[in-house]
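Take a look at the model below. We will begin with a pocket and work outward from there.

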Amino acid sequence: VNEDRAKLAGIAASLRIGSYHRHVFLCIGGSCCPSEVGEAAWEAMKKELKDRGLTPGTDANACFRTKVGCLRVCQDGPIAVVYPEGTYYCGLTADRVPKFVQKHLVEGHPVEEWVFARNPLPAPTSTDASA
Ligand code: FES
């Protein structure tokens with residue numbers, strides 16, 4: 001078990017886990033959009049994050065990315081969610097990814113016209129809610 005933990009720690013270190021500011025989960029569809037539309041959005045996401053240097057050690061806005069099979073919304077995709085803000089996006093097609101990356105991940109302002117729900121983590125405290 002300890003050897004497995006050491007191996008995993010090495011993988012985590014190589015992925016720079018612990019250095020990220022945000023994490024985006026993008027559904028590559030099947031139900032919320034055709035799979036080819038989801039895959040195109042994913043390829044655009046990878047390219048934009050790389051091109052804008054949103055990687056650990058090089059940018060304070062480093063963002064981890066994960067493609068997922070379903071976020072349980074299953075319409076008007078590609079669906080995506082960004083943590084820690086818990087911002088849910090619809091219709092995040094490849095052509096929209098550059099604006100999403102620039103506005104939300106670089107500038108810190110969600111693209112409200114594509115946002116349909118929020119679930120920030122951790123949940124706001126009562127003090128935060130009254131602020
Ligand atoms: S298939 Fe994308 S949210 Fe369910």
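Start with the lining of the largest pocket: Arg-16, Tyr-20, Lys-46, Leu-49, Lys-50, Leu-54, Thr-55, Pro-56, Cys-63, Phe-64 and Arg-65. Two elements give two or more residues each to this lining: helix H2, spanning 35-51, and strand E2, spanning 63-68. The volume of the pocket is about 180 Å³. Keep in mind that this is a predicted model.

Now pick out one lining residue, Cys-63. Cys-63 sits in strand E2. Is Cys-63 buried or exposed? Its relative accessibility is 5%. Buried means under 20%, so Cys-63 counts as buried. What does Cys-63 touch beyond its neighbours within four places in sequence? The contacts are Tyr-20, Arg-22, His-23, Val-24, Leu-49, Leu-54 and Leu-105. Tyr-20, Leu-49 and Leu-54 also appear in the pocket lining. Glu-3 gives a sense of distance: it is 60 residues from Cys-63 in sequence, and the two C-alpha atoms are 29 Å apart.

Arg-16 is another lining residue. It belongs to the loop between helix H1 (2-14) and strand E1 (22-27). Its phi is near 65°, a positive value in a residue other than glycine. At 39% relative accessibility, Arg-16 falls between the 20% and 50% cut-offs, so it counts as partly exposed.

Next, turn to the loop between E2 and E3. Asp-76 lies here. It is not a glycine, yet its phi is positive, about 55°. Pro-78 is in this loop too, ahead of strand E3 (80-83). The peptide bond joining Gly-77 and Pro-78 is cis, with omega about 0°.

A further cis peptide bond runs from Leu-121 to Pro-122, with omega near -5°. Pro-122 is found in the loop between strand E5 (115-118) and helix H4 (126-130).

Step back to the whole chain. It has four helices and five strands. From the N terminus, their order is α-β-α-β-β-β-α-β-α. The C-alpha atoms fill a box of roughly 45 × 45 × 30 Å along the principal axes. How much of the chain is buried? Of the 131 residues, 33% are. Among contacts with a separation of 6 or more, 65% link residues 24 or more positions apart.

Finish at the surface. The chain exposes about 7700 Å², and carbon and sulfur atoms supply 53% of that area. There are 15 positive and 15 negative side chains, and the centres of the two sets lie 3 Å apart.

Key
Residues are numbered from 1 along each chain as its sequence is written. This is a predicted model: local features need pLDDT of at least 70, side-chain atom pairs count only at pLDDT 80 or more; totals for chains, interfaces and linings use all residues. Side-chain values use heavy atoms; hydrogens and water are left out. Buried means under 20% relative accessible area, exposed over 50%, partly exposed in between (1.4 Å probe, protein chains only). Contact means heavy atoms within 4.5 Å. Accessible areas come from the Shrake-Rupley method with a 1.4 Å probe; for residues, only the protein chains shown count as cover. Lys and Arg count as positive and Asp and Glu as negative; His and the chain ends are not counted. The place of a charge is taken as NZ of Lys, CZ of Arg, CG of Asp or CD of Glu. On a 1 Å grid over the protein atoms alone, a cavity is a set of points where a 1.4 Å probe fits but cannot get out, and a pocket is an open set with protein on both sides within 12 Å along at least five of seven lines; lining residues have an atom within 4 Å of a point. Grid points are joined across faces, edges and corners, and a volume is the space filled by probe spheres set on the points.
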